[in-house]
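Here are some short exercises to work through with the model open beside you. Try each task before you read its solution.

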Amino acid sequence: MTIGVLLTLAGGICWGFSGACGQYLMQHRGINAGWLVSMRMLLAGSLLLIFSGLQARSASYVTRVWKKRRTAMHLLA
């Protein structure tokens with residue numbers, strides 16, 4: 001239970017820090033909100049795939065979803 005509380009607190013802290021950084025970038029650096037959200041999502045997805053690949057027994061576990069054309073099209077859509 002303690003680890004869950006600590007992870008929840010860490011998530012809230014990271015969420016708040018991310019919002020403050022985003023506000024700074026948009027107000028002082030002129031970054032577009034759409035671009036910033038896209039880059040954050042791309043980075044988060046890439047990190048999740050890398051982490052999953054490192055945790056999996058084989059790299060094909062992560063790339064398996066792209067093997068079938070139908071599932072790849074669903075993801076791209």
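A crossing of two helices is called right-handed if the near helix is turned clockwise from the far one by less than a right angle, and left-handed if it is turned anticlockwise. Keep in mind that this is a predicted model.

**Exercise 1.** Which elements does the chain have, and in what order do they run?

*Solution.* Begin with the count: the chain has four helices and zero strands. Now read from the N terminus on, and the elements run α-α-α-α.

**Exercise 2.** Describe how helices H1 and H2 cross.

*Solution.*
- Step 1: find H1 at residues 2-28 and H2 at residues 33-55; their axes come within 10 Å.
- Step 2: take the angle, which is roughly 140°. Angles over 145 degrees would count as roughly antiparallel, so H1 is oblique to H2.
- Step 3: add the hand, using the definition above. H1 and H2 cross in a right-handed way.
- Step 4: look for the residues in contact. H1 contributes Ser18, Gly22, Leu25 and Met26, while H2 contributes Ala33, Leu36 and Arg40.
- Step 5: sort these residues by class, which gives four nonpolar, two polar and one charged.

**Exercise 3.** Compare the spread of the chain with that of a compact globule.

*Solution.* The globule rule gives 11 Å for 77 residues. The radius of gyration of the chain is 17 Å, well over that value, so the chain is more spread out than a compact globule. Next, check the box filled by the C-alpha atoms: along the principal axes, it is roughly 45 × 40 × 20 Å. Finally, look at burial: buried residues make up 6% of the 77 residues.

Technical notes: Residues numbered from 1 in each chain as written. Predicted model: local features only at pLDDT ≥ 70, side-chain atom pairs only at ≥ 80, totals over all residues. Heavy atoms only, no water. Axes fitted to C-alpha atoms, helices over the stretch in contact; angles between N-to-C directions. Helix = DSSP H or I, 4+ residues; strand = E, 2+ residues; numbered from the N terminus. Parallel < 35°, antiparallel > 145°, perpendicular 65-115°, else oblique. Contact = heavy atoms within 4.5 Å. Nonpolar A, V, L, I, M, F, W, Y, C, P; charged D, E, K, R; others polar. Rg over C-alpha atoms; globule rule 2.2 N^0.38 Å. Buried < 20%, exposed > 50% of the residue type's maximum accessible area, 1.4 Å probe, protein only.
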